[in-house]
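Colleague: I would like to go through this structure with you, one topic at a time. Could you show it to me before we begin?

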Amino acid sequence: MTVQTGNAKLLKGATGDWETVIGLEVHAQVTSRAKLFSGASTEFGGEPNTHVSLVDAAMPGMLPVINRECVAQAVRTGLALKAQINKRSTFDRKNYFYPDLPQGYQISQYKSPIVGEGEIQVDLTPDYAIRVGIERLHLEQDAGKSLHDQSPTMSFVDLNRSGVALMEIVSKPDLRSADEAKAYVGKLRTILRYIGSCDGDMEKGSLRADVNVSVRRPGEPLGTRCEIKNVNSIRFIGQAIDTEARRQIEIIEDGGTIQQETRLFDPARGETRSMRSKEEAHDYRYFPDPDLLPLELDGEWIDALAAFLPELPDAKKARLIADYGLSAYDAAVIVAERETADFFESAVNHGGAQRDAKAVANWLMGDLSAQANAQGVGVADAGLSAASLATLVDLICEGVISGKIAKDLLVMLLGPDRGADPRALVEARGLRQVTDTGAIDAAVGAVIAANPDKAEQARAKPGMLGWFVGQVMKATGGKANPQAVSDALKTRLGL
Amino acid sequence: MSVDLAAVRRIAHLARIGVSEAEIPHLQHEINAILAFVEALGEVDVEGVEPMTSVTPMRLPMRDDVVTDGEIAAKVLANAPLTEDGFFLVPKVIE
Amino acid sequence: MTDLTSLTLAEARDRLASRAISSRDLTAAHLAAIDRAKGLNAFVAVTAEKALAMADASDARLARGEGGPLEGLPIGVKDLYATEGVHTQACSHILDGFKPAYESTVTANLWRDGAVMLGKLNMDEFAMGSSNETSYYGPVASPWLPPNFSPTQARAALADKGKRGLMAPGGSSGGSSSAVAAHLCLAATASDTGGSIRQPAALTGIVGIKPTYGRCSRWGMVAFASSLDQAGPLARTVRDAAIMLRSMAGPDPKDSTCSPSPVPDYEASVGRSVKGLTIGVPKEYRLEGMNPEIEALWAKGAEWLRAAGATIVDVSLPNTRHALPAYYIVAPAEASSNLARYDGVRYGLREPASEIVDLYQKTRASGFGPEVRRRLMIGTYVLSAGYYDAYYLRAQKIRTLIKRDFEIAFGNGVDAILTPATPSPAFAIGAMASADPVEMYLNDVFTVTVNMAGLPGLVTPAGLSADGLPLGLQLIGRPFDEETLFALGEAIEQAAGRFSPPEAWWA
Ligand SMILES: [Mg+2]
Ligand SMILES: [Zn+2]
């Protein structure tokens, strides 16, 4: 595997090649029951202003008290990003007026974040990866929500999100294409989900990205960047980058210059546009929050969090390749979700004996994955237990059923016979494949007798053999052992 | 240091305090009087001095991750000048 | 002043406990006094019904022998403290109509201990002021007579909303100081960001203590400057202040800056010998052109403590002169952020507007008075891009230096520091109207260092000026050593006696 940083993927302009430089600020909602500085629930949805405490509504005299679990989640994430954990960090206020920001400031970490520099290895192909630097990770509060489409004259403000903990994870400008940025966010999401610090649910806004894009001629210094705010799907991140890079190239090639500004991606129109309203008077007047003391962490506490960290995707992938002989590609697909990897391993090792890992991987990534996709769930939740998948593979391996029957069996196990024992089901439905050579020989004889002309052709053209195998399988209801059928045909036809 | 009229306008806007043009020179005078009063601090030698972040020697206490609050929409909204369907209402914000 | 309102808090407590008097009678007497003293404008809301109900409940508990440390004692509450369902507006127009759904920790502690709430006390708007003249509810008059006024003249001035010519009770806890000095309540809650407990105590001849930062919870107290704000009591005797503080103080998991350490029995330190204590007298508090009366009082204070067995030593607090300017950077900066929540969206005043920025600007322009607007603008400026390092960061570094000065003095064996409380006796309402804001700020010159360093400071009355106005002395202690201050304060009280305003001319 080749690992490098910032491999140039050039865009063609009218006047030559351009390099896109991308840095991402990902806002990941911290998984916790209660909010960062109040005891209100973080539950998604709910009637407006219900998951709101007097602290979240910034009533006079209300004060913040930090949630230990949110701090622990930030530290876990930092450890997973191989990053510096700062034993002393501080909370600052970012001051601005907005109706969904009740305090008139966001409590964030500006000067001294809880997590410093780290890095992520991002696989772009099975054997090619880049390293993306992490600049910092800090804790901050989410704002509430303003709804602007409820009335022609009024905006509606709901503070349910107000005060929910976010981790802002800032990358270095190490990304060079939309594909790299998408892969980076995907990998980051995988890591966060592995350690359980963020559910990564982009539809619920649990993961959003501010995307910084600039372009330059290869080898030249960094260009002026624009920040595309709050992009909430991996696909849109890719589209936003391509759109924005093209826009900037066009401007520069037409002799213009890029204005540093905040922009919004409109997926419906496929364009980014300037957010001038947010732009005016950008002066956040950061200063340390006097309601909070510096956050000091014990080395022992950090060590304990590190000790309980699960195996991370890179390590798991390497182990699956080494221990089970999986290809890099298969291993990468399987480790993308922790549940899938766990499912794979328990299927392979079910009952104490290790079975054909490649066969398990194929089923998992093939038919089972297709069925799960159709249901809109992960493979581990499609309705087939790891034990049943193991049995299914065993049944094929033992020659009890054919691969074709196994596919049918899977459909039954996910549908009408959900939860049934595969082995029992094979017996109950008489799906056992026919291995009795007498019976197969008889069926082969019958098919040849019924198709004398084709038998003649096959003798000259052995490629016809497949057609005969198919006919015999049909005649036996798919239960004949295909290898035995093929052998009998060859003997009968004298091939 | 002292502020000019434009700076007074900028500060008022940042603080979201409406000021009439007529008030600005007076505000400028008052702000500059205070700035003159604090001017002497510029001469204090603060080389190598840590800025105070907390006056107490305490450590930041942390609470458990337990839902202990919220579900009090009526109290949250009780003092609001304008609400509808459980929302706070404000003049439309143009993004 | 009736017999019942002439009692100290400790005396009333003892008589309630022995059932010589009832809380209902005691409370009713104070409500009647409040009613007669409307002209002082000390109360902005009187909760008579609630007070009598609380008094009856106290009487029932006392009858069962279950009373708490403050059982049945009627007190006043500065409008800065959230009191559930009751007027809480920090005397600002911007909090018009605000009635919180919650009770501040400090007041909750008082009710837990049995105290009876008489109502809410006037104050400078958001505690920004030194004369109670910035209140949206108008100025408060001190019960002390202006030197050149007869009671008749003073009564006439009282009828006027502007109270011009009458003495200011200090600020920002001017309602509290006036009410306590005029015997409208046995004691009151106050708050101190730069001197707002101690300066009014000194100007009205009563006792006030700002405890160590973190001794009282700030939860439910409308914030002015979070790193400086502390709750504390105003009372007529050192003992009463000690009793009040013990109930107000204590750990609170809802305030991250509140100390978890238990509260000592402060009253036990009242009357404790001060023999062998070392008292520092800082030379930097001897200002050029200092009022000779104040200087003489200070020397007298040191003499009283020496006579009581303490050793007086000179100490140096070289950064003292930087404290006030640094305070006028730190406090407005924090206030500019703390007061951003008053935006017309969730509570309080809202001026009509068809656009959100306009709503903010109109609401905040009309909701905040001129002093608050001025400080918010200064605070906004010193935090803004390009100025943060030169102002705010530098001021916080100077704060470290100020704190270090005290640490060195205490490290050298000083147990407490004795200073004047104010640079002058009380001034008349309106006297500073045409002055520069900075002149008013100079009132806090002796008190503000204590807030900057987070230390406890107690002011006790020590004498009268030639004009017959009260003067106070300040004792500054080690962090969390309020007990030594109470012991020393009582020693001064013993030596100096107590000072009462002239017979109730205002009633
Ligand atoms: Mg950003
Ligand atoms: Zn952020």
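Colleague: How many residues does the contact take from chain B and from chain C?

Modeller: This is a predicted model. In it, chain B gives 48 residues to the contact and chain C gives 62 residues.

Colleague: What area do chain B and chain C bury between them, and on which atoms?

Modeller: They bury about 4,900 Å² between them, and 72% of this is on carbon and sulfur atoms. On the side of chain B, the residues that lose the most area to chain C are Phe37(B), Leu41(B) and Met52(B). Together they account for 14% of what that side buries.

Colleague: How many salt bridges are there across the interface of chain B and chain C?

Modeller: The rule finds 2 salt bridges there. Arg374(C) forms a salt bridge with Glu30(B), and their closest N and O atoms are 2.6 Å apart. As for polar contact, the count between chain B and chain C is 15 residue pairs.

Colleague: Which elements of chain B give two or more residues to the side that touches chain C?

Modeller: They are helix H1 (5–14), helix H2 (24–38) and strand E3 (87–91) of chain B. The largest share of that side comes from H2(B), with 9 residues.

Colleague: Let us turn to the other partner. How many residues does the contact between chain B and chain A take from each?

Modeller: That contact takes 40 residues from chain B and 54 residues from chain A. The area buried between chain B and chain A is about 4,200 Å², and carbon and sulfur atoms give 60% of it.

Colleague: And how many salt bridges and polar pairs are there between chain B and chain A?

Modeller: Across this interface the rule finds 4 salt bridges. In a salt bridge between Asp298(A) and Arg59(B), the N to O distance is 3.4 Å. The count of residue pairs in polar contact between chain B and chain A is 25.

Colleague: Which elements of chain B supply at least two residues here?

Modeller: On the side of chain B that touches chain A, these are H1, strand E1 (62–63), helix H3 (73–77) and E3 of chain B. E3(B) gives the most to that side, with 5 residues.

Colleague: Now the metals. What are the protein donors of the magnesium ion (ligand 1)?

Modeller: The donors are Glu25(A), Asp210(A) and Glu227(A), and they lie 2.0 to 2.7 Å from the magnesium ion. In sequence these donor residues are spaced E-x184-D-x16-E.

Colleague: Where do Glu25(A) and Glu227(A) lie in the chain?

Modeller: Glu25(A) lies in strand E3 (residues 16–29) of chain A and Glu227(A) in strand E14 (residues 226–231) of chain A, so the pair ties together parts that are 202 residues apart in sequence.

Colleague: Is Glu25(A) buried or exposed?

Modeller: Glu25(A) counts as buried because its relative accessibility is 16%, and buried means under 20%. Glu227(A) is buried as well, with a relative accessible area of 14%.

Colleague: What about the zinc ion (ligand 2): which protein donors does that ion have?

Modeller: The zinc ion has His27(A), through NE2, together with Glu140(A) and Glu168(A), each through OE. These donors lie 1.9 to 2.1 Å from the ion, and their spacing in sequence is H-x112-E-x27-E. The zinc ion and the magnesium ion are 5.2 Å apart.

Colleague: Which strands hold Glu140(A) and Glu168(A)?

Modeller: Glu140(A) is in strand E9 (residues 128–141) of chain A, and Glu168(A) is in strand E12 (residues 165–171) of chain A. The pair links distant parts of the chain, 28 residues apart. Glu140(A) is buried at 4% relative accessibility, and Glu168(A) is buried at 9%.

Colleague: One last topic, helix H16 of chain A. What is its reach from the first C-alpha to the last?

Modeller: Helix H16 (residues 482–493) of chain A has 12 residues and reaches 16 Å, close to the 16 Å expected at 1.5 Å a residue.

Colleague: Which residues of H16(A) are buried, and what covers them?

Modeller: The buried residues are Ala484(A), Val485(A), Ser486(A), Ala488(A), Leu489(A) and Leu493(A). Their cover includes helix H13 (437–450), helix H14 (452–460) and helix H15 (465–475) of chain A.

Colleague: What is found at the start of H16(A), and what comes just after H16(A)?

Modeller: At the start, a side-chain oxygen of Asn481(A) comes to within 2.9 Å of the backbone nitrogen of Gln483(A). Just after the helix, Gly494(A) takes a positive phi of about 70°.

Notes: Residues numbered from 1 in each chain as written. Chains lettered and ligands numbered in written order. Predicted model: local features only at pLDDT ≥ 70, side-chain atom pairs only at ≥ 80, totals over all residues. Heavy atoms only, no water. Helix = DSSP H or I, 4+ residues; strand = E, 2+ residues; numbered from the N terminus. Expected span 1.5 Å × (residues − 1). Buried < 20%, exposed > 50% of the residue type's maximum accessible area, 1.4 Å probe, protein only. Contact = heavy atoms within 4.5 Å. Polar contact = N/O pair within 3.5 Å; in protein donor to acceptor, adjacent residues only side chain to side chain. Donors = N, O, S within 2.8 Å, 3.2 Å for Na, K, Ca; no water. Buried area = accessible area lost by both parts, 1.4 Å probe. Salt bridge = Lys/Arg side-chain N within 4 Å of Asp/Glu carboxyl O.
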